[in-house]
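Reader: I would like a close look at one part of this model. Please take it step by step, and keep it brisk.

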Amino acid sequence: MTYANKSILSFMAGAMLLLTACNSHAIPPASSPIFSSDDSSVVDNVDTTSILKKLKKNVTIGSTVDPKNGDQGPRGLSFVAAGSGALTKGQLVFCDFEDKSEAAGKGMSVDQLDSKPGSKPATFVQNVKSTGCADDSLSPASDYDYTAGLTSHVVAQYKPTGKLGKTWGKPLVNPLSVVDAACVGGLSYCGYSAEYVFASDASTGAVVSFSVNGYGNRKPTAVIGGFAVNKKSGWSALGPAGLAFNDKKGGTLYVVDGVDSTLVSFNNATELLVPGEILVLKGGKTFKCKYKKTTCGTLVHAGTPLNAPVAMTRLPNGNLIAANSVGGNLLVEMTPTGKILATKLVDKNKTAGIFGIRAVGKTDSDTVLYYTDRNDNSVHELEP
């Protein structure tokens with residue numbers, strides 16, 4: 001497909017959006033005083049203020065052990081910005097990767113937890129389609145939840161009621177991370193633009209893209225390939241992960257790779273339409289791009305202090321925080337241009353525990369950070 005043809009495709013898709021003002025499920029939520037880091041309130045300006053340095057208090061929010069079947073080992077973390085169905089605005093949603101016997105990759109629960117200390121977990125979903133639930137991402141447009149089933153080999157969609165919707169498999173083999181990319185251009189565009197889901201794969205080293213509403217490319221497509229993987233199982237599986245999305249300027253996708261210890265970005269990510277448009281070259285620092293005028297990769301940071309990162313979140317000011325899985329549970333804060341702003345050790349246990357993080361707030365002064373810790377099976381909050 002030539003660049004010109006891609007441009008025509010994009011134009012035609014845009015014309016369809018104008019003719020169709022209805023989304024199958026992505027309805028704009030009412031204005032909310034608090035947004036998660038996946039919302040359109042984030043800005044694209046580089047802010048060198050360190051949020052981690054401001055967050056000095058570590059508070060335990062509650063247990064992540066599922067009350068029904070004992071699933072544990074939390075991974076992924078999402079924030080309910082709107083609230084509908086079984087989900088309440090302000091809640092946290094996370095996966096359980098282990099079953100009650102601590103067997104990695106056997107957990108199939110998605111739980112919800114109020115974001116205040118002393119909260120008790122409640123079961124949102126238990127479904128074999130999410131076995132080995134390695135990550136989850138809530139749509140800011142509709143509260144639909146998307147899970148990456150490392151063992152079930154599919155990305156599963158759940159409605160706000162907890163009812164299973166669609167599932168997506170091949171070319172996915174072992175989904176490791178997932179992010180919903182709704183409302184490109186801002187929340188006012190919800191329901192009038194393609195809502196993409198990106199999922200990374202721990203086996204193939206690919207990032208797969210597909211649209212979940214009436215617009216865009218609804219066929220799962222491995223648009224990015226070449227990320228390093230270590231081909232290990234369970235908690236040790238490393239590859240492209242920690243997906244985070246900025247809905248400004250056509251959408252920027254951020255990815256960390258635990259094998260090469262890199263953080264990279266892809267501009268205009270929702271314009272990726274065909275297989276293999278971007279190839280990450282050996283070492284994870286350079287890229288081969290078919291349509292450079294449309295989208296390509298950029299190295300944000302490589303190496304120390306990053307050490308096998310798996311989880312990542314965007315801050316409301318546009319900066320990023322990644323969580324290491326080797327050498328201690330260290331959080332690393334940096335700008336989108338790769339400047340390191342701060343690091344913080346949040347768990348002295350040498351066993352990797354931080355596999356889900358989520359920033360919530362509107363400004364530097366009111367931002368807090370939630371993270372899951374599988375070492376004590378709980379959600380914590382870092383606050384001023």
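Is F97 buried or exposed, and what is its relative accessible area?

Author: F97 is buried. Its relative accessible area is 0%. One caution before going further: this is a predicted model. Mean pLDDT for the protein is 89. Residues at 70 or more make up 86%. The stretch 7-43 falls below 50. Even so, that stretch has 79 contacts in the model beyond near neighbours in sequence.

Back to F97. This residue sits in strand β3, which spans residues 91-98. Aromatic pairs in the model number eight. One of them joins F97 to W235. The two ring centres are 5.0 Å apart. The planes meet at 70 degrees. Edge-to-face requires an angle over 60, so this pair qualifies as edge-to-face.

Now the partner. W235 is buried too, with a relative accessible area of 11%. The cut-off for buried is under 20%, so W235 falls within it at 11%. W235 lies in the loop between β13 (221-225) and β14. F97 and W235 are 138 residues apart in sequence, so their pair ties together distant parts of the chain. The ring contacts do not stop there. F355 joins F97 and W235 in a cluster linked by ring pairs.

The loop that holds W235 leads on to β14, and β14 belongs to a sheet. That sheet is open and has four strands. Their order is β14-β15-β16-β19, with antiparallel pairing. β14 (240-246) stands at one edge and β19 (297-302) at the other. Each has a single partner strand, so one side of each lacks a neighbour in the sheet. From one strand to the next, the twist averages 20 degrees.

Look at the β19 edge. Its pairing with β16 (residues 262-266) is antiparallel and runs over five bridges. One residue pair can be picked out there: V264 has L299 in β19 as its bridge partner.

One more strand deserves a look, β5. It covers residues 122-126 and includes T123. The side chain of T123 makes a polar contact with that of D66, at 2.7 Å. D66 is also among the residues that T123 touches, leaving aside those up to four places away in sequence. The others are P67, K68, V110, D111 and Q112.

To return to the starting point: F97 is buried at 0%, and its ring pairs edge-to-face with W235. Together with F355, these two form the cluster.

Notes
Residues numbered from 1 in each chain as written. Predicted model: local features only at pLDDT ≥ 70, side-chain atom pairs only at ≥ 80, totals over all residues. Heavy atoms only, no water. pLDDT = per-residue confidence, 0-100. Contact = heavy atoms within 4.5 Å. Helix = DSSP H or I, 4+ residues; strand = E, 2+ residues; numbered from the N terminus. Polar contact = N/O pair within 3.5 Å; in protein donor to acceptor, adjacent residues only side chain to side chain. Pairing = 2+ DSSP bridges. Axes fitted to C-alpha atoms, helices over the stretch in contact; angles between N-to-C directions. Phe/Tyr/Trp six-rings, centres within 6.5 Å; stacked < 30°, edge-to-face > 60°. Buried < 20%, exposed > 50% of the residue type's maximum accessible area, 1.4 Å probe, protein only.
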